[in-house]
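Reader: I'm new to this, and I keep meeting terms that nobody explains. Could you go through a few of them with me?

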Amino acid sequence: MRPFDYSRPAEASAAVAAVAGDPGAAYIGGGTNLVDRMKLGITRPTALVDVREVLSDRIEDLPDGWIRVGGAVPNSDLAAHPEVRRRFPVLSQALLAGASGQLRNAATTGGNLLQRTRCVYFQNRAMPCNKREPGTGCSAVGGYGRYNAVLGASEHCVATHPSDMAVAMTALGARVHVLGPAGERTVDMPGLHRLPGAEPERDTVLEHGDLITAVDLPHLPLALRSAYRKVRDRASYAFALVSVAAALDVVDGTVVDARVAFGGLAHAPWRAHRAEEVLRGGPTTEEAFREAGRAELAGADTGPGNAFKVPMAVNTLALVLRELTAEEAR
Amino acid sequence: MTETTSQPRAMGRPLARLEGADKVTGRAPYAYEHALEDPLYLHPVLSTFARGRVTGVDASEAEALEGVRAVLTPGNAERLADTEDREFAVLQSDEVAFHGQFVAAVVADTPETARQAAGLVRVDYERSQHDVVLTVDHEGLYRPESEGGPASDTEQGEVEEALERAEFLVDHTYSTPTEHNNPMEPHTTVALWEEEAGRLTLYDSTQGVHVVRASVAAVFGLELEQVRVVAPHVGGGFGSKGEAHAHDVLAAMAARALPGRPVKFALTRQQMFCLVGYRTPTIQRVRLGADREGRLGVLVHDSVEQTSTVKEFPEQSAMCSRWMYAAPHRRTTHRMAALDVPVNFWMRAPGEAPGMYALEAAMDELAQACGLDPVELRVRNEPETDPQSGNPWSDRQLVRCLREGAERFGWYGRDPAPGARREGDWLVGTGVASASYPHLFNPGSVAHVRYGDDGRYEVGIGAVDIGTGSWTALTQIAADALGCSADGVRLRIGDTALPEASVAGGSSGTSSWGTAIVTAARAFRAEHGDSPAPGASARASAAQDTVDEGYAVYSFGAHFAEVRVHSYTGEIRVPRMFGMFSVGRVVNPRTVRSQFLGGMVMGMSMALHEESFRDPRYGHIANGDFAEYHVPTNADVGDLRVDWLEGEDLRATPMGSRGVGEIGIVGTAAAVANAVHHATGVRVRDLPVTPDKVLR
């Protein structure tokens, strides 16, 4: 850890100017991941720009039936919001599956999306890591592999994205509002987080200085019947081995529409388009659900430490969809 | 030792922790928290490879930082007087023997500056090939010397013939991974060297102030009287604080380089995975041969373990197989390989915890092979006398623990078929395992008793309360020994200014210190009668081992666990556990219950969670923090219950008590793993039992 400047601008534009103009600067929200990384010496900002004052911490209805979540809304508040719980059970459940009560009280919506992998080699300065120091190599390949990616990884990086919330938002198709040096723009999920390719140091499509100001949740009736299931090594306070966010619209025993995303499998929350395709128009049988999961995982690249993720993901998807359709039947 | 205390009045009562209010209000100082003037802070630099040499240390950038007071390196560190114990040879040479070894340290005005400066110290290395992976056929395996301790190998009867004759034979290999103790309070030493007085004071997080004093005095060539070690409150140790480690030496060394200012050094959680001991991985082959009735004819337990090239520590995992069950033919062996890894050391029930996992899992497999109920199998193999010595048992209550435990848990009527019970998506099973721990007594503890002007007895002994309740239990023991109320005793512990006391380890603390207190109280009464004058005092030692040598003195218990395994995800839950123990007299039911529960949670953790993954390429523990090294959360701990058989064992101690610190973890992992098998039909022989291993 080294000394750093700290500022708390009054306007979002001032915060963006402060970070954009200083390559060593970083935004800080709840600090629940950034401060850890600073202590570990793997992120070494020279200036922190606190954005909790300039970002909204409110959850508002938009005229078109969407919901706007301010960038500084704490994870706890988002999980507990009555409309979020009613319209997006998958999101509320995902938030509550993450971290601990204390961390959720501090962690912000924008910060949660931008938290970095907990890959044990990324977090250890003594180890080669392309994400931390491009070009040094990936020591997770051939090492402690339990949390490594099985989808979309590259020879340069096998890290997984740690967020639960982002998996639900990826399934829902949330829209992220970004304020950058050139003004405002939006980025749709999936699409915010990227796969590692040859640039694993870049987690998202955002550029230095970009600030997430809000996340819009869509008008999406099928999300009324949605769920998040996280499988982990203990009952609480662990990152996902595999997680599933899913929503189903079923009419007369046939899947009309489906949204599926996986966590724990890839460098980004993994929207399962192939699984959705297989599900659409198909029956609500467990075998059909498994078939969808197998289709999505067909391209999985596994090692001895993480081969279990393939059957675990297929099983968990089948479990979640079965429970959603059991509800449908009631 | 047949003389009992007068009818106990304080012992046996659930007295609340005397220091509890101070702890929850933050007034009980732990090592780092002692209010000392003008402290400095130390942050170490650790090696980032497992074997080789430091060829150069460039501290110029670190030294240039404002607030840095000293950078200690192998080049400038004090030459130590005695480094026969090579764990203490801190910064004495350029040799690196494991990943995470101290290679330099920064002392600065603030912890932040020390940490920053440590990151600026540039260390050049010359790496050598390292060897950090234990295998069952490692070419470096050797039989450890026993040197006065129990023999490494034992053999009785005709083992090979008996194996051939057995009607049922179970022959499997079980493994346990490297595990780290991880007490909540990190290892901490605050050191102050007063140059003129020639006095070194350590505020240390330790299980034995006198133990640390002896080590540190020897290392620095000081007289015992020159060193004082203080530890009024300690936040857990689980064995890892049972002796001084390299950090004590480093802190003292820094203090001696900067006389007059206290140097504070608390290890980070990550550093605790390198420097303060751990449980060796074990590879254990267990062979059980039984007749048609399930009676053991032969028991063979071979354990392979690792130790460090720096210092040898043998974990005697097969020891438990020498006394648990009757078998005319028996062999136990231990083999070790010295690797380029940190020094392994005590972790709660060293030997028994991994050993009883293997033995009790094998017993479960034998029960299944013989078609016997696992409780009944154990009952049938109850030895009348100690199979090792032939001595009668002092108080062997295994069968009662098994039977009463089974009754209380609701064991009977259990369908023995594996993988046959389902509640929704959850597969349900139950498992049992025996528990046992030897009664250990460390001679040499001394206590003093002084009658104060305020009408209270001051009882002093240099013991340590590591969070187990010693402040309270020793007060109760003293009260009964003196025939006064607990309020009438003012206990003093946790300081080498108080009389010699042995380590809080091996479940021996209360036994050893309590015996000294009882001895001193009797001496006091003999000298001063029942109406002493204020200022009257006496001092006595429990110098002799008071344990009756004609008897085999052990504690016993039985664990029962219910396990649920999710048939889709492999998630494993333990909704309930029951532990039934026999430990002689229970001095304080409240704190003893806590000890049992804590041991059982740690055993469940061993079964399902704990695994330090040592990366063979770099030699470090890859998952060395609390995000990835899992222990149970509250949500993992279900309905845990314990009870014990009322009793007293005056052959063990004059209090009638035996130790309770370790038995709770012994056998627990087997009970859980056996229940996982019963639930799923999947036998996992390599701990921990994680979802991926039971997923179908």
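Author: Sure. H5(A) and H8(A) run roughly antiparallel to each other. Keep in mind that this is a predicted model.

Reader: Why are H5(A) and H8(A) called roughly antiparallel?

Author: Helix H5 (residues 89-96) of chain A and helix H8 (residues 165-172) of chain A pack at an angle of about 165°. Angles over 145 degrees count as roughly antiparallel, so that label fits H5(A) and H8(A). Their axes are 8 Å apart, and the crossing is right-handed.

Reader: What makes up the contact of H5(A) with H8(A), by class?

Author: It has 10 nonpolar, no polar and no charged residues. From H5(A) come A:Val90, A:Leu91, A:Ala94 and A:Leu95. They meet residues of H8(A), including A:Met165, A:Val167 and A:Leu172. Val, Leu, Ala and Met count as nonpolar, so these residues fit that class.

Reader: How do you know that domain 2 of chain B and domain 3 of chain B touch, with 37 Å between their centres?

Author: Residues are in contact if their C-beta atoms lie within 7 Å, whereas the 37 Å separates domain centres, taken over C-alpha atoms. The contact takes 14 residues from domain 2 of chain B and 16 residues from domain 3 of chain B. On the domain 2 side there are five nonpolar, five polar and four charged residues.

Reader: And which helix gives the largest share of the side of chain A that touches chain B?

Author: That's helix H11 (residues 309-329) of chain A, with six residues. The contact takes 24 residues from chain A and 28 residues from chain B. The chain A side has 15 nonpolar, five polar and four charged residues.

Technical notes:
Residues numbered from 1 in each chain as written. Chains lettered and ligands numbered in written order. Predicted model: local features only at pLDDT ≥ 70, side-chain atom pairs only at ≥ 80, totals over all residues. Contact = placed C-beta atoms within 7 Å. Helix = DSSP H or I, 4+ residues; strand = E, 2+ residues; numbered from the N terminus. Axes fitted to C-alpha atoms, helices over the stretch in contact; angles between N-to-C directions. Parallel < 35°, antiparallel > 145°, perpendicular 65-115°, else oblique. Left-handed = near helix turned anticlockwise from the far one by under 90°. Domains from an automatic or database assignment.
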